[in-house]
Amino acid sequence: MFNNEHFPFNTAIVTVSIQTTLEEVASHLNKNTAVIAHWAGQSCLFTPEDASILPALTAVTIQALLEKSSFFLAASVQLDDNNVFPQLPQVTTNRPLLIKDKEGNIRGYSPLSALLRAAAFEQQKWSSYFTALADTVTDAVTVVDRGGAVICWNSVAEELYQLPSADVLGKRIGEHFDVETLMVLKILDEGRLIRNTYHRPRPDTHVLINASPIRDAEGHIIGGIATEQDITQLVRLNEQLTAADSFGLPYKEQTDDLFTLIKGKGPAIGKVIQWAKKVAATETPVLLIGESGVGKEQLAHIIHQSSSRSEHPFLTVNCGIVPSGLLEAELFGYQGGAFTGSETGQAGKLEQAKDGTLFINEVEKLPLEVQAKLYHYITQQTITRSGGSQPIRVRTRIIIATRQDLAAKLATHEFRSDLYYALNVISIRIPPLRDRTEDIPAMVQMYLKQFSLQYQKPVPALSPEVILALTNYAWPGNIQELKNVIERCVILSDEDMILLEHLPSALQEGLLSLSSTEGDSAAILLKAKVTDEEEITLIEEALAKTAGNKSAAAKLLGISRGTLYNKMKEFHME
């Protein structure tokens, strides 16, 4: 990973036989050339610094000298594959070391003083490199030794944990954190790598951690290093999104106009937002009409949050989920002893939402006798619990939602006319997603950000084919289906791009069908005799089908994006 500097050693050497005389050895040394001789599986080394002591020796040859003394025998050390600083052996002499390559060939020699200088320089160099690296990265860096004492604590760690390095360095990491939660200590025991793992070192801190054991040359763990990316704000934002249930409402103080959460710029949804803002300031019941998944509950919640009742409860009752026999008790509660042995009974949702808002979904499934009680509450603002006789005054606002035409049910006596007219003071029809294609890109981006946060991934881009598929699909499941598709794509995508293969088969098949039907009309654009009016019409249609995305529109037209830009500029369509 790192390119080490080569280990310095002297290479001016000559190899001689064991029978060489010391006089001949001295002649080499005086020329500043070291002498090596091999004897009994060992090597002896004479360096130029030894030239002054050879005349005082009584031996005539190298062999005779070695038979009397082992002083000139030299220890050796082997370089690694990169010819870098070697792992030193146990040295019991002050003599220079022989340097060998991996094949065992002698490459040179080095005095111990040179080794010491090189080691000190290497240590200083790597300390500088590591310090600069630790202060450059944007993650908190912690390094501990085998005993858990902190030997590195960078400036990002100081800021993240509000602990200056002076208070941490040299002390056990467990003095400042719960030992049971520390990943860097766990790897000292387990020796395993940790990659992009969610970690909570403190109750108020959330991080993504990468950690590795540090091993010596023999493979023994001598410490551990951890880098932590602070994701506390991301986690808190995700918690806010999750806390607002399935419609992604943030806390009220985060925005002055909660209606901006309804993504859309088209006239259809614009009318919905305009009317909803007006009814939010009133106390009148509201009837929301729309297919399943168009966002009726989300709109009801926003109306509540934007009203004077926002500090009080917002509760929901889905008449399609609760068994019809229990709907009366669910809405109006029951008196003690009516169903159980309870003395106090149970308040219904209308009581529980006192001074707040009750959202009643699929109201068309409400039994007629319960419809009568609901009408009585709307007109009298009092309720009577099931099994009870005492009227209870409550002031809960009602927002009703339905998927069906309630007026048609009046003729078949499936819905009470008095309740219908009491509820239908203001009705808001929410258009299905297929009728507001222009709003899809904004909604897609909102859900991409939401699920990227949830799954801790970068926000991906969309390929032109995906944009075409999303904007030309009928969306029978409306917003909920779109949300589910985006969540699927975020989970399945491995890179920073969502591709056609990540979409459900229904959307992929829809794009293939679109391509075959549009092929002929798109080809018109390539004909030499096409009129300007025809070109403009085709371009406008392509932009409409792709919600204004020029890359996708160009792909639909079978031309390059540059060509599309040039034609739009030519026709003053920008």
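In this predicted model, Lys 373 lies over the face of Phe 332, with 4.6 Å separating Lys 373 from the centre of the ring. This arrangement of a lysine and a phenylalanine ring makes a handy starting point for a look at the aromatic side chains.

Rings can also pair with one another, and a search through the whole structure finds seven aromatic pairs. Among them is the pair formed by Tyr 420 and Tyr 421: the ring centres are 5.1 Å apart and the planes meet at 75 degrees, so this pair is edge-to-face. The two partners sit in contrasting surroundings. Tyr 420 has a relative accessible area of 13% and is buried, whereas Tyr 421 reaches 56% and is exposed. Because the label "buried" applies under 20% and "exposed" over 50%, Tyr 420 falls in the buried class and Tyr 421 in the exposed class.

Another edge-to-face pair joins Tyr 473 and Trp 475, whose ring centres are 4.7 Å apart and whose planes are at 85 degrees. Here, both Tyr 473 and Trp 475 are buried. Elsewhere, ring pairs link three phenylalanines, Phe 46, Phe 71 and Phe 72, into a cluster.

Cysteines complete the picture. A disulfide is a covalent bond between the sulfur atoms of two cysteines. The structure holds zero disulfides. Two cysteines can still be described by their surroundings: Cys 44 counts as buried, at 1% relative accessibility, and Cys 319 is likewise buried, with a relative accessible area of 4%.

Methods: Residues are numbered from 1 along each chain as its sequence is written. This is a predicted model: local features need pLDDT of at least 70, side-chain atom pairs count only at pLDDT 80 or more; totals for chains, interfaces and linings use all residues. Side-chain values use heavy atoms; hydrogens and water are left out. Rings of Phe, Tyr and Trp (its six-membered ring) pair if their centres lie within 6.5 Å; planes under 30 degrees apart count as stacked, over 60 as edge-to-face and the rest as tilted. Buried means under 20% relative accessible area, exposed over 50%, partly exposed in between (1.4 Å probe, protein chains only). A charge sits over a ring if NZ of Lys or CZ of Arg is within 6 Å of the ring centre and within 35 degrees of the ring normal. A disulfide is a pair of cysteine sulfur atoms within 2.5 Å.
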